[in-house]
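Please look through the sequence and the three-dimensional model together, and keep both in view while reading the paragraphs that follow.

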Amino acid sequence: MTHLTEQGAPPPPQALVRSGRTAVLAGAVLRGGVAAGLGLGALAVLVTVLWISSPYPDSGPGGALHVAAGLWLLAHGVDLVRTDTLTGVPAPLGIVPLLLVALPAWLVHRAARDAMEPEDGRPRLAAAGAVGAVTGGYLLVGAAVVLYAAGGPFPADPPAAACWLPGVTLAAAASGAWTASGRPLAPLARRVPRAGVALRAAAVGLLTLLAGGTVLVAASLVWHAAAVGDAYTGLAEEWSGRLALALLLVALVPNAAVWGAAYGLGPGVMLGTGAVTSPYLVTGTPVVPSFPLLAALPEPGPTMWAHWLATAVPLAAGAALGRRTGRVATTWTARATAWTTLQAAGLCGAVIAVLAAAAGGPLGVARLAAFGPVWWATGAAAALWAAALGVPVALGVRAWARRAERAAAEETPAAPEARQAGRPAPEPAGTPTTISLELDEPAYEPPYESYDLFPAAWESPSHPVTEAPPPAPEPRSPAQAQALPPAPPSPSSPAAPEAPPASESALASPPGGE
């Protein structure tokens, strides 16, 4: 029997492309949801382990999961609300541990980067499509977490959740798509000349500020070691509580670095409504809760000479920013160098202002409603310090580099002129000095070579070779001797007199001579 199989026409290429794009978009949405689930799951595991190890758990596993959901939202900058207070009035909790933000940001960044990688047989997803799909999948899980955390002890503030959760997710996804595209700077470079140099110089200044702030905080912790130890042991007595407190302190290290940088810049940090501490003065009455990092803050009263040393942080940041710009600006004009340095200073101030806004926040109501750096004052101070010190340093480094280049260019053409004048050319630095003796008269050369007296094998004693003596010349008759051409004279032997012609020899000798 013959089986006939009827096959329909293959789908058109446009339909295949549309189906491939749909699959890629669906995969990107799924990647965003998985990234949100991984971050939430990691925090849930950590909180559950701490809850299990606690000897006095206050709630069941449901409470631990609600705390994990609140921490996940706090990691995105969302303000939480503490409902269980002594006065019964809900109190906001808005200080976000910046190290905790790194986990969800990295997960979203990786999801967007992987979504743009082309797969076999499927079209490559565009940057805008990857960012939108990953953000959409992430926010679907985020909305469910906001609803779940509303029934726990730390519900999210709805306006803050609607603002910060999409903003942080979108920024992280955009950075992932930018990385997958090769980190292009061409659009920015076309609009802002020398944008790459300004960005790198701003990054150097920002890192110097944060490093200096970390050093200030570490020095203050050592200076107030007794108060810090009392606050640490007073908050947690059992080992599980101390472990949780230690993890919280590690997550707050970037916040402490930003606080230290703001303190060194001059505006200082707010310790409650109307209370500011800075290297120059302390105003108001600080309201400092019992916490190890807050115990290291300067005490109220007149400032000491040690507080003035904090101004070394912005000095070092401005010098580093200017030096980074000046090293690249050797071929630029002074105006272009100064303008690029000002751009770098503005970028540094803008970034430190954003970090200052994220590092602070409220810890309660009334006097506890303001804690941390004032973001606009911190950003303005950073930009002013960087501009006031960066521009002179950049111009000085540029002038020094140009002077060194001119000196090297002047020394380089001197060698041909010296050779033409009959003088030895100056040798570059680092070249070993050699002494050569030149005589006006040529050295005496013997009329013979060493090989005429000694065999060549004597020069290598490891391989002795015995040469046979040259054969004795065969006797020739006078007719044969006259038929042979005369041998050329040896350069090392005196020239022999020429033989007389055959006619003269015949006349000189009688026939049948003896």
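Among the contacts in this protein with a separation of 6 or more, 74% are accounted for by residues that lie 24 or more positions apart. The model is a predicted one, and its secondary structure comes to 19 helices and six strands. Of the 514 residues in the protein, 32% are buried.

One example of residues separated along the chain is given by A174, which has its place in helix α5, and V108: the two are 66 residues apart along the chain, while their C-alpha atoms are separated by 9.2 Å. Is A174 buried or exposed, or does it fall in between? With a relative accessible area of 36%, A174 is partly exposed, because this class covers the range between the limit of under 20% for buried residues and that of over 50% for exposed ones.

Helix α5, which spans residues 158–180, also helps to line the second largest pocket, as do α3 (98–115), α10 (253–265) and α14 (334–359), each of these helices supplying at least two residues of the lining. The volume of this second largest pocket is about 530 Å³, and of the 22 residues that line it, the closest to its centre are L98, W164, V354, L355 and A358. Which helix gives the most to this lining? It is α14, with five residues. Sorted by class, the lining of the second largest pocket holds 16 nonpolar residues, five polar ones and one that is charged.

Aromatic side chains offer another way to follow the fold. A pair of aromatic rings is described by two values, the distance of the centres and the angle of the planes. The count for this protein comes to two aromatic pairs, and one of them is formed by Y280 and W308, with 5.3 Å from centre to centre and 75° between the planes. This pair is classed as edge-to-face, because the angle is over 60 degrees. Y280 lies in the loop between β4 (276–277) and β5 (282–283), whereas W308 belongs to helix α12 (residues 305–308), so the pair ties together parts that are 28 residues apart in sequence. Both partners fall into the partly exposed class, Y280 at 34% relative accessibility and W308 at 47%.

A further aromatic ring, that of W332, has a charged partner: the charged end of R194 sits over this ring, 4.8 Å from its centre.

Definitions and conventions
Residues numbered from 1 in each chain as written. Predicted model: local features only at pLDDT ≥ 70, side-chain atom pairs only at ≥ 80, totals over all residues. Heavy atoms only, no water. 1 Å grid on protein atoms, 1.4 Å probe; cavity = no way out; pocket = protein on both sides within 12 Å on 5 of 7 lines; lining within 4 Å. Points joined across faces, edges and corners; volume = space filled by probe spheres on them. Helix = DSSP H or I, 4+ residues; strand = E, 2+ residues; numbered from the N terminus. Nonpolar A, V, L, I, M, F, W, Y, C, P; charged D, E, K, R; others polar. Buried < 20%, exposed > 50% of the residue type's maximum accessible area, 1.4 Å probe, protein only. Phe/Tyr/Trp six-rings, centres within 6.5 Å; stacked < 30°, edge-to-face > 60°. Lys NZ or Arg CZ within 6 Å of the ring centre and 35° of its normal. Contact = heavy atoms within 4.5 Å.
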